[in-house]
Each structure stands twice: as structure tokens, then as C-alpha cells.
Amino acid sequence: MRLPFHTVRLTGQTVCRRSSAVALLRCSGQRDANVSHFSHSVGRCASQALIYRSHGDPCRVVQLENIDLPPVGAKAIQVKMLATPINPSDINMIQGTYAILPELPAVGGNEGLAQVIEVGSHVKSLKPGDWIIPKDAGLGMWRTEAVFAEDDVISLPNDIPLLSAATIGVNPCTAFRMLSDFESLKPGDSVIQNAANSGVGQAVIQIAAARGINTINVIRDRPDFKQLSDRLKAIGASFVIREEELRRPEMKEMFKTCAKPKLALNGVGGKSATELLRHLQFGGTLVTYGGMSKQPVTVPVVTTSALIFKDVKVKGFWVTQWKRIHSHDEMPFRAMLDELCSLIRQGKLTAPACTEVGLQEYHKALDAAMQPFISSKQVLIM
Ligand SMILES: NC(=O)c1ccc[n+]([C@@H]2O[C@H](COP(=O)([O-])OP(=O)(O)OC[C@H]3O[C@@H](n4cnc5c(N)ncnc54)[C@H](OP(=O)(O)O)[C@@H]3O)[C@@H](O)[C@H]2O)c1
């Protein structure tokens with residue numbers, strides 16, 4: 001997926017800037033990252049890491065290698081990785097098509113859960129045993145151990161399930177923000193979304209249900225449609241429909257029992273986005289956060305009337321940008337994580353359907369993460 005942001009190539013960074021993807025290598029135990037760093041030059045002990053030295057097909061360019069860990073500085077922590085998912089943005093970063101790209105070679109993986117095993121002498125906020133997740137994209141989480149700057153991570157309570165913790169920082173946060181920041185949604189209101197079986201989609205369903213908001217969930221047709229539909233309804237989906245049904249007159253029947261959506265969430269693009277736009281109520285908002293079909297979001301003649309006569313708004317959202325905007329004040333991120341953890345403890349927010357894969361089987365996991373109709377997040381278990 002290519003997102004409509006300017007590409008930032010993270011080369012030649014020398015300063016560790018908090019909450020910025022420049023932390024990518026510098027603050028991730030790859031201080032002054034360069035090829036020699038990966039050649040076992042000066043480190044204490046080895047960590048295993050999934051590294052790519054050039055952009056391309058992840059199954060070809062990613063390799064499991066031993067890399068050295070640098071000493072733990074005064075404001076740094078050493079962590080042991082516990083679990084880390086493979087998200088579409090990880091794949092796009094390796095392919096070289098994402099909005100931010102690391103200096104190469106780079107360790108893959110933007111999200112994951114780690115446990116602190118050692119802290120530097122000036123570390124205040126963390127102690128051995130704590131769980132942490134990255135504050136920003138780009139730390140390189142696909143590895144067994146790492147040394148990170150204290151400022152680049154945020155702690156997480158360790159009384160929630162491991163898979164929930166490992167997948168909380170990107171998709172549930174994205175769902176939370178999109179349901180909170182664009183429309184004022186009340187119980188009884190409706191949200192329509194495509195890619196409803198994605199990690200984001202499953203979080204949208206559950207957070208919306210916890211707030212009493214109906215969700216109309218669009219997925220691609222498949223042989224096991226009923227099974228997937230039942231699964232999504234079991235986590236709180238109000239309606240689950242096929243892409244094709246969006247264009248059928250039966251949609252009118254649905255809107256006899258359910259309010260027209262105030263908010264449409266688009267992770268697909270192309271025709272699918274256009275159809276979501278058509279079903280919005282007067283003044284509603286379409287938020288695009290992903291482009292899985294690689295088709296552009298267009299506003300053709302049929303939806304021009306939606307803009308003119310229904311005053312719909314067309315917007316975009318990127319959780320990385322949200323995190324960076326709030327990087328100087330941890331409170332908004334902390335407050336969101338607290339709310340998400342509370343939902344998890346109440347059983348109202350579960351991890352997406354996951355396939356746990358050992359690090360050594362990374363090829364299998366990368367391949368599965370790029371297949372259609374898998375409906376399961378690949379999570380590397382360390
Ligand atoms: N903007 C942000 O802040 C933000 C944050 C998180 C995620 N995202 C983006 O959101 C999207 C979903 O991420 P995720 O981690 O939730 O994904 P995921 O769990 O890996 O699921 C992928 C989803 O994409 C669908 N899909 C794949 N290819 C498709 C195609 N050609 N046409 C239509 N649907 C297709 C899949 O449907 P099938 O089951 O039918 O294959 C599935 O629903 C990605 O584009 C990701 O980059 C953006």
C-alpha cells in the first residue's frame with residue numbers, strides 16, 4: 001500500500017530525537033547504525049534479528065541474523081522481546097513503498113511487546129520486569145533482544161493477555177482515534193467500515209460495541225463468509241455484508257433498523273471507498289486510513305452529489321502522525337492505552353485472530369501475512 005504522505009528516508013541521522021522515526025536505528029540498539037554494526041564488531045552479546053539490507057519482496061530480502069547488543073547507556077534499557085506482529089506497514093516498509101523508510105540495513109517490525117531486563121543508571125520510569133511497547137514506528141521489533149532509549153518506549157500493565165499487549169499499539173489505537181476524533185458518536189449511531197476483518201476492523205467493531213455504536217462491516221466475499229461473519233458478530237458486529245451488497249437495494253432495508261452512518265472508515269480504497277461514501281448520512285465523514293486494494297480513493301460524478309447535497313467530509317488518518325503530534329506530552333497516549341487496557345480487562349476488546357509463529361519460521365509468517373483471505377494476524381513469538 002502506498003500512502004499519500006511524503007516519503008522520508010531516514011538516512012544520516014545522528015541525533016536521537018524522541019518520538020520520531022529517526023529513532024529507528026539510533027535508539028534501537030543500532031546506535032550509529034551501519035553495516036559494521038551488524039557484523040559483530042563491538043557488542044556484548046548477540047541478539048537474533050530479522051534484517052533486510054535492501055528493499056524488495058520480504059520473503060527474499062529478510063534474513064535472520066545475529067547482531068551485537070550495544071552497552072546499556074545511562075538512559076537506556078535492555079529488553080527481551082516477547083511477541084511482535086507482522087502488519088501491512090511492516091511489509092510495505094520492507095518493500096520500500098511506505099511513507100517512512102529506515103536507513104538500511106534495518107531490523108523489521110514496528111510493533112511488539114518486550115520485557116525490560118536491565119535499566120541504565122538514570123532510567124526513572126522503568127524497572128526490570130516491566131512490559132513496554134514502542135512509542136513510535138521504526139524501532140525494529142523483530143528481534144530477540146534490544147537496547148532502546150527509555151524515551152522511545154512506553155510501559156504497559158502486564159495483567160492483560162500477551163497477544164493483546166503485543167498488538168495494542170497500532171490497530172486498536174487507530175480504531176480508538178478514528179472513533180473518537182472525527183464525529184461525535186452517541187449510542188445508537190452507526191459506523192460503516194470496509195476491511196472489517198482486519199486488525200483495525202476488529203478493534204473498531206469492539207470499541208464501537210462497547211460505546212453502544214452500531215457497526216456495518218463490509219468484507220470481501222469468500223467461501224467461508226458465514227464463518228467469518230459469525231466470528232465478527234460474536235465480537236460485536238451489528239451487520240456483516242459482502243462488498244457487492246453495498247450496491248444492492250437491500251441496503252435500504254438495513255437502514256430501516258439502523259441509522260445511516262455518521263462515520264465511514266476506509267482501509268481499502270477504490271470502489272469500496274466510493275460505496276462507503278454513498279451511504280453516509282448528511283454531514284458525515286469518510287476517513288481513509290489504509291489502501292489495501294492499492295486503488296485510489298476517487299470522488300466520481302455519482303458521489304459529487306454527496307459532497308454538494310450531503311456535505312460529507314473526506315479525511316485521512318495516520319496513527320504515527322498522531323503519536324508524533326503528542327510526543328511531547330505522554331498523557332494522551334497513556335490515557336488511550338489505559339482505556340484500551342480497561343476494555344481488555346472487561347473482556348470487551350480481544351486481540352485480533354492471531355497465528356503464533358516461532359521466530360525461526362519467519363518465512364512462513366511473512367508469506368502468510370501477504371496472502372489474501374487469511375483473516376489472521378501473524379505474530380512472531382520470541
Ligand atoms: N493509517 C493508520 O494509522 C493505520 C494504522 C493501522 C493500520 N493501517 C492500515 O490499515 C490497513 C489494515 O491493517 P491491519 O493491520 O488491520 O491489516 P490486517 O489485519 O493484516 O488485514 C488486512 C485486511 O486487508 C484486506 N485486504 C487485503 N487485500 C485487499 C484487497 N486487495 N482489497 C480489499 N481488501 C483487502 C484483508 O481482507 P481479506 O481477508 O479479504 O484478504 C483484511 O481485511 C493496512 O493498509 C494498514 O497499513 C493504517
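Q: Let's start with one residue: in which helix does phenylalanine 309 lie?

A: Phenylalanine 309 lies in helix 10. Keep in mind as we go that this is a predicted model.

Q: Which residues make the nonpolar surface patch of about 470 Å²?

A: That patch is built from Val299, Leu307, Ile308, Phe309 and Val314. Helix 10, residues 301-310, supplies the largest share of the patch, with 3 residues.

Q: Now to helix packing. At what angle do helix 5 and helix 12 pack?

A: Angles from 65 to 115 degrees count as roughly perpendicular. Here helix 5 (residues 171-181) and helix 12 (residues 331-345) pack at about 100°, and their axes are 11 Å apart. The two helices are therefore roughly perpendicular to each other.

Q: Which residues make the contact?

A: From helix 5 come Pro172, Cys173, Phe176 and Arg177, while helix 12 brings Phe333, Met336, Leu337, Glu339 and Leu340. In this contact, 7 residues are nonpolar, 2 are charged and none is polar.

Q: How do I read unusual backbone geometry?

A: Start from the general pattern: most residues other than glycine have a negative phi, and most peptide bonds are trans. In this structure, alanine 195 has a positive phi, near 50°, and sits in the loop between strand 11 (190-193) and helix 6 (199-210). The peptide bond from leucine 104 to proline 105 is cis, its omega being near 0°. You will find proline 105 in the loop between strand 5 (100-102) and strand 6 (106-107).

Q: And how many salt bridges are there?

A: Side chains of opposite charge can pair when their charged atoms come close. With a cut-off of 4 Å from nitrogen to carboxyl oxygen, the count is 18 salt bridges. One of them joins lysine 75 and glutamate 150, at 3.6 Å from N to O. Lysine 75 is in the loop between strand 3 (62-68) and strand 4 (76-85), and glutamate 150 is in the loop between strand 9 (145-149) and strand 10 (153-156), so this pair ties together parts 75 residues apart in sequence.

Conventions: Residues are numbered from 1 along each chain as its sequence is written. This is a predicted model: local features need pLDDT of at least 70, side-chain atom pairs count only at pLDDT 80 or more; totals for chains, interfaces and linings use all residues. Side-chain values use heavy atoms; hydrogens and water are left out. Axes are lines fitted to C-alpha atoms, for helices over the stretch in contact, and angles run from 0 to 180 degrees between N-to-C directions. Helices (H or I, at least four residues) and strands (E, at least two) are DSSP runs, numbered from the N terminus. Angles under 35 degrees count as roughly parallel, over 145 as roughly antiparallel, 65 to 115 as roughly perpendicular and the rest as oblique. Contact means heavy atoms within 4.5 Å. Ala, Val, Leu, Ile, Met, Phe, Trp, Tyr, Cys and Pro count as nonpolar, Asp, Glu, Lys and Arg as charged, and the others, Gly among them, as polar. Patches are made of residues with over 30% relative accessible area and no salt bridge: like charges are joined within 9 Å, nonpolar side chains (Val, Leu, Ile, Met, Phe, Trp, Tyr) within 5 Å. Accessible areas come from the Shrake-Rupley method with a 1.4 Å probe; for residues, only the protein chains shown count as cover. A salt bridge is a side-chain nitrogen of Lys or Arg within 4 Å of a carboxyl oxygen of Asp or Glu.
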